[in-house]
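Please open the structure in your viewer and keep the selection tool at hand, since this tour moves from one selection to the next and tells you what to look for at each stop.

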Amino acid sequence: MTLSPSPGSPGRPRRAVRLGPWSVRPAPRALSVCLGLVVVGFVVAVLAISTGEFTVPVPDVLHALFGQGTPVAELIVGKLRAPRVVTGLLVGAAFGMSGAIFQSLTRNPLGSPDFIGFTAGASTGGILAVVSGGTALHVAGGALAGCVATALLVYGLAFRRGVQGYRLVLVGIGANALLVAVNSYLLTRANINDAATAGAWLTGSLSGRGWDHAIPVGVAVAVLLPVCAYVSRPMRMIEMGDDAARAMGIGVERVRAAAVVAGVLLCGVATAAAGPVVFVALAAPQLARRLARSPGVTMTASALTGAVLLTGADLAGQRLFAPVQLPVGVLTAAIGGVYLALLLRKDRH
């Protein structure tokens, strides 16, 4: 569902539906795409829970999810596999929305947290926590703090009578390069055990994730999703230019600041839960736009696409090279690299 019709769409304009203070314009294609992504995500989630060293039949998975399964099925589903799958779905959704926000603000398909330094900043915070002997909670907190600190730095350096998209991208790319160098330096100075732990975390993985990882991401997504929905329509106006948006009564800097806060928190919380999983924030919004055929922000579709991408990549990493299991970050990096090459090739023509 989109919050405004596509510019220049044929036929009569769709009538807005009032939901209290909200105004929603139904978009049939976007709605059908979102419903399709929900179905695909559910199927992928059930397959991920069902398969493994001990196969649980799909009916038993469904019964266990509703608390009516056998004790063995409920143990495997509820305690071992479901937390990992739910974490993957929520982390993918958070990355997808974060990428949609920053690609819209920068008006650039490369304007994702992976490229403008936020993921690298979260990595720096996580590495510092690891080499300091911190616990998993400290690593998660360090990742979130590093992401927020980097965002403040990049936003402050890019601010000059407002923040222009190209300035945010350029400053972010510079910050990303600097932070990658800092991360490499920290790894070279750490002892071998800490370096190995940090290196594994930097890959991005859902292995060993439990409900204590899923719940914080779920809370963040539940709190920030309404914020993203609220700013999505004015962000579409801002994509046409700051002057045009101001002429329509949009508080450009206020909307941009709220969107940046939401995008940074989503990126930070997702990185804290699963590590810096790359390219999901880059690819999900672009795929969602193409599926929905929407020229503007597609928050819901981006979130669902990110959830399907990350969970599907994790399932592939577990099953394609069994008994060897690959971290989900390896698969997303491979998929994202191919996608980026295709994106650049298309722009070339």
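Begin by selecting Phe 115, which has a relative accessible area of 24% and is therefore partly exposed, because a residue counts as buried only when that value is under 20%. Keep in mind throughout that you are looking at a predicted model.

Now add Phe 279 to the selection, a residue that is buried, with a relative accessible area of 18%. The ring centres of Phe 115 and Phe 279 lie 6.4 Å apart and the planes stand at 70°, so this pair is edge-to-face. If you trace the chain between them, you will find Phe 115 in the loop between H3 and H4 and Phe 279 in the loop between H10 and helix H11 (280–292), so that the pair links distant parts of the chain, 164 residues apart.

The count of aromatic pairs comes to 2, and to see another pair you should select Phe 102 and Phe 118, which are also edge-to-face, with 5.0 Å from centre to centre and 65° between the planes. Because Phe 102 belongs to helix H3 and Phe 118 to helix H4 (residues 118–131), this pair ties together parts that are 16 residues apart in sequence. Phe 102 counts as buried, at 0% relative accessibility, and Phe 118 counts as buried as well, at 2%.

Next, turn to the largest pocket, which has a volume of about 530 Å³. Select Ala 136, Leu 137, Ala 140, His 213 and Ala 272, which lie nearest its centre among the 23 residues of the lining. Helices H5 (136–158), H7 (192–203), H8 (211–239) and H10 (252–274) are the elements that each give two or more residues to this lining, and H5 gives the most, with 6 residues. If you colour the lining by residue type, you should find 13 nonpolar, 8 polar and 2 charged residues.

From there, move to the second largest pocket, which holds about 380 Å³ of space. It is lined by 17 residues, and those closest to its centre, which you can select together, are Gly 52, Arg 81, Gln 318, Arg 319 and Gln 325. Helix H3 (71–106) and helix H12 (299–319) each supply at least two lining residues, with the largest share, 5 residues, coming from H3. The lining of this second largest pocket divides into 7 nonpolar, 6 polar and 4 charged residues.

Finally, colour the chain by pLDDT, for which the mean is 85, with 90% of the residues at 70 or more. Select residues 1–13 last, where pLDDT stays under 50 and the model has 29 contacts beyond four places in sequence.

Methods. Residues numbered from 1 in each chain as written. Predicted model: local features only at pLDDT ≥ 70, side-chain atom pairs only at ≥ 80, totals over all residues. Heavy atoms only, no water. pLDDT = per-residue confidence, 0-100. Contact = heavy atoms within 4.5 Å. 1 Å grid on protein atoms, 1.4 Å probe; cavity = no way out; pocket = protein on both sides within 12 Å on 5 of 7 lines; lining within 4 Å. Points joined across faces, edges and corners; volume = space filled by probe spheres on them. Helix = DSSP H or I, 4+ residues; strand = E, 2+ residues; numbered from the N terminus. Nonpolar A, V, L, I, M, F, W, Y, C, P; charged D, E, K, R; others polar. Phe/Tyr/Trp six-rings, centres within 6.5 Å; stacked < 30°, edge-to-face > 60°. Buried < 20%, exposed > 50% of the residue type's maximum accessible area, 1.4 Å probe, protein only.
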